[in-house]
Amino acid sequence: MMNFLRTNKYIAGLWVVIRLYLGFRWLTSGWGKIVGGEFDAGGYLQGAIGNPDVQGWWQAFLEAVAIPNAGLFSIVVMWGEVLVGLGLILGVFTNLAALMGVVMNFSFLLSGTFSTNPQMAILGIFIAIAGANAGRYGLDRWVMPYLKETWNQRVRKGKQSETYVA
């Protein structure tokens with residue numbers, strides 16, 4: 001089954017549909033926060049602290065790390081959503097985009113927000129499981145082989161220039 005999800009060119013077409021759906025959801029959410037000009041994660045984070053359904057360890061993280069840095073978290077959320085959306089729509093760094101989307105969804109879930117987050121997390125996990133096949137019909141088709149070849153050239157070049165002293 002895993003081989004099918006990761007290599008089949010027909011299922012790669014399904015990944016495109018899922019990628020476009022998730023990408024659109026992320027992009028519009030993040031862009032709305034950016035152009036709205038009033039997004040502030042601080043109120044959301046304070047609300048999560050007061051939510052009895054939020055785990056104590058997560059509340060401690062929010063109080064110690066997130067709330068004191070609410071401005072930074074606001075920027076990270078807005079631009080993170082936009083970048084995840086663009087990555088999924090364009091099919092570039094698809095696995096990274098899907099993984100970061102899953103991380104954000106779990107952060108929202110841990111903070112007591114449900115909405116479409118479980119659905120989006122599950123779809124993001126499937127895209128991440130699909131590996132390179134999820135970006136087969138996207139920019140990853142060209143970007144990833146280019147990066148791999150560039151990396152391999154640097155590694156070969158580095159090994160050639162090493163000198164060993166006996």
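**Exercise 1. Which pattern does the protein follow when read along the sequence?**

Before we start: this is a predicted model, where local features need pLDDT of at least 70, side-chain atom pairs count only at pLDDT 80 or more, and totals for chains, interfaces and linings use all residues. Residues are numbered from 1 along each chain as its sequence is written, and side-chain values use heavy atoms, leaving out hydrogens and water.

*Solution.*
- Step 1: Assign the elements as DSSP runs, with helices (H or I) of at least four residues and strands (E) of at least two, numbered from the N terminus.
- Step 2: Count them: eight helices and zero strands.
- Step 3: Read them in order to get α-α-α-α-α-α-α-α.
- Step 4: The protein is more spread out than a compact globule, because its radius of gyration is 20 Å, well over the 15 Å that the globule rule gives for 166 residues. Here the radius is taken over C-alpha atoms, and the rule is 2.2 Å times the number of residues to the power 0.38.

**Exercise 2. Find Asn133 and describe its surroundings.**

*Solution.*
- Step 1: Look in the loop between α7 (117-130) and α8 (140-161).
- Step 2: Check the cover: Asn133 has a relative accessible area of 2%, so it is buried (under 20%, with a 1.4 Å probe and protein chains only).
- Step 3: List contacts (heavy atoms within 4.5 Å). Beyond neighbours within four places in sequence, the partners of Asn133 include Phe4, Leu5, Ile11 and Trp15.
- Step 4: Follow the side chain of Asn133 to the backbone oxygen of Leu5, at 3.2 Å.

Conventions
Buried < 20%, exposed > 50% of the residue type's maximum accessible area, 1.4 Å probe, protein only. Polar contact = N/O pair within 3.5 Å; in protein donor to acceptor, adjacent residues only side chain to side chain.
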